[in-house]
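Work through the exercises below with the sequence and the model open. Each task is followed by a solution in steps.

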Amino acid sequence: MTDESKSINSLEILYKDFYHPNPNINFHACREMAKYWPKESMQRLIDNLSGEDVELRRKSVRCLGCFGEKVFFPVSKLFYSSNNLITQISCIKVFVKLASDMQPDKFPEELFNIINIAIKDEEPQMILVIVSLLRQLDYIGKPYLQALCRDSNLLKARASVTAISELRDSSISNFLIELSEDKSIDPFIREAAYFVTSMKK
């Protein structure tokens, strides 16, 4: 058996472990794929983001997060090329995973183009995942969240109030106080801002 055939067999074993119900086995398989076979496994995982199997999409999102910044542009390409909401949401979820492990300023500028597209979406699922991404981006996501706190979409505004209140930034408290006193925005959002402000005291 050649070294190449051994490698192929080893990769197929990792794919089987990837489907295993034990999350620890899944995680180990993902780390091994990312470390030893990134080119061979990455596209297969990205293709899963467009599939109908919910659990397979979730596993693929988690696994792609192990690949680091090298996965950003291939996933971005899928985001742009797809008109399917679930596929685009899955792409954003991969970025959320990356953001939990990467410094915000390590992301390519292209991320901002994707954010600007996603924040205009009114679908609840997209709203929640893009707000989650902005929260993970910390100080880079802060200006977006501040603007979204005043959005006419109440879900978008409410989720942003919660997200921004979780940032470790001394200026956030003053921002939330101003928001709670702003008569130009919906009372529901003012109350939310007041609530999270009181919880931070």
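Helices here are DSSP runs of H or I with at least four residues, numbered from the N terminus. The model is predicted.

**Exercise 1. The chain as a whole**

Task: State how many helices and strands the protein chain has, and give the box its C-alpha atoms fill.

Solution.
- Step 1. The secondary structure comes to twelve helices and zero strands.
- Step 2. Along the principal axes, the C-alpha atoms of the protein chain fill a box of roughly 75 × 35 × 30 Å.
- Step 3. Of the 201 residues in the protein chain, 45% are buried.

**Exercise 2. The cysteines**

Task: Find which cysteines form a disulfide, and settle the state of C66 and C91.

Solution.
- Step 1. A disulfide is a covalent bond between the sulfur atoms of two cysteines. The cut-off applied is a pair of cysteine sulfur atoms within 2.5 Å.
- Step 2. The sulfur atoms of C30 and C63 are 2.5 Å apart, and these two residues form a disulfide. The count comes to one disulfide.
- Step 3. Place the partners: C30 is in helix α2 (residues 23-36) and C63 is in helix α4 (residues 54-64). The two cysteines are 33 residues apart, and the pair links distant parts of the chain.
- Step 4. The angle about the S-S bond is -125 degrees, and the link of C30 and C63 is left-handed. Both C30 and C63 are buried.
- Step 5. C66 is in no disulfide; its nearest cysteine sulfur belongs to C30, 5.1 Å away. C66 counts as partly exposed because its relative accessibility is 25%, and the partly exposed class runs between 20% and 50%.
- Step 6. For C91, the closest cysteine sulfur is that of C63; the two are 15 Å apart, so the distance is too far for a bond. C91 has a relative accessible area of 0% and is therefore buried.

**Exercise 3. Helix α10**

Task: Check the span of α10 against its number of residues, then describe its N-terminal end and S165.

Solution.
- Step 1. The expected span is 1.5 Å times one less than the number of residues. For the twelve residues of α10 this gives 16 Å; the end C-alpha atoms are 16 Å apart, so the two values agree.
- Step 2. At the N-terminal end, N153 caps α10, with a side-chain oxygen 3.0 Å from the backbone nitrogen of L155.
- Step 3. S165 belongs to α10, which covers residues 154-165. A polar atom of the S165 side chain lies 2.6 Å from the backbone oxygen of T162.
- Step 4. S165 counts as buried because its relative accessibility is 13%, and the limit for buried is under 20%. The buried residues of α10 are K156, A157, A159, S160, V161, A163, I164 and S165.

**Exercise 4. Two pockets**

Task: Describe the largest pocket and the second largest pocket by volume and lining.

Solution.
- Step 1. The largest pocket holds about 200 Å³ of space. Its lining has 13 residues, and those nearest its centre are F27, R62, C63, C66 and K97.
- Step 2. Both α2 and α4 supply at least two residues of this lining. The largest share, four residues, comes from α2.
- Step 3. By class, the lining of the largest pocket has six nonpolar, three polar and four charged residues.
- Step 4. The second largest pocket has a volume of about 170 Å³. V54, R57, R58, V61, I86, I89, S90, K93 and Q125 line it.
- Step 5. For the second largest pocket, α4 and α6 (85-99) each give at least two lining residues. This lining divides into four nonpolar, two polar and three charged residues.

**Exercise 5. L176 and D182**

Task: Locate L176 and D182, and say whether each is buried or exposed.

Solution.
- Step 1. L176 is in helix α11 (residues 172-180). With a relative accessible area of 0%, L176 is buried.
- Step 2. The C-alpha atoms of L176 and V54 are separated by 37 Å, and the two residues are 122 apart along the chain.
- Step 3. D182 lies in the loop between α11 and α12 (187-200). D182 has a relative accessible area of 16% and is therefore buried.
- Step 4. D182 and I13 are 169 residues apart along the chain, with 58 Å between their C-alpha atoms.

Notes
Residues are numbered from 1 along each chain as its sequence is written. This is a predicted model: local features need pLDDT of at least 70, side-chain atom pairs count only at pLDDT 80 or more; totals for chains, interfaces and linings use all residues. Side-chain values use heavy atoms; hydrogens and water are left out. Buried means under 20% relative accessible area, exposed over 50%, partly exposed in between (1.4 Å probe, protein chains only). A polar contact is a pair of N or O atoms within 3.5 Å; within protein, one must be able to donate a hydrogen and the other to accept it, and residues adjacent in sequence count only if both atoms are side-chain atoms. On a 1 Å grid over the protein atoms alone, a cavity is a set of points where a 1.4 Å probe fits but cannot get out, and a pocket is an open set with protein on both sides within 12 Å along at least five of seven lines; lining residues have an atom within 4 Å of a point. Grid points are joined across faces, edges and corners, and a volume is the space filled by probe spheres set on the points. Ala, Val, Leu, Ile, Met, Phe, Trp, Tyr, Cys and Pro count as nonpolar, Asp, Glu, Lys and Arg as charged, and the others, Gly among them, as polar.
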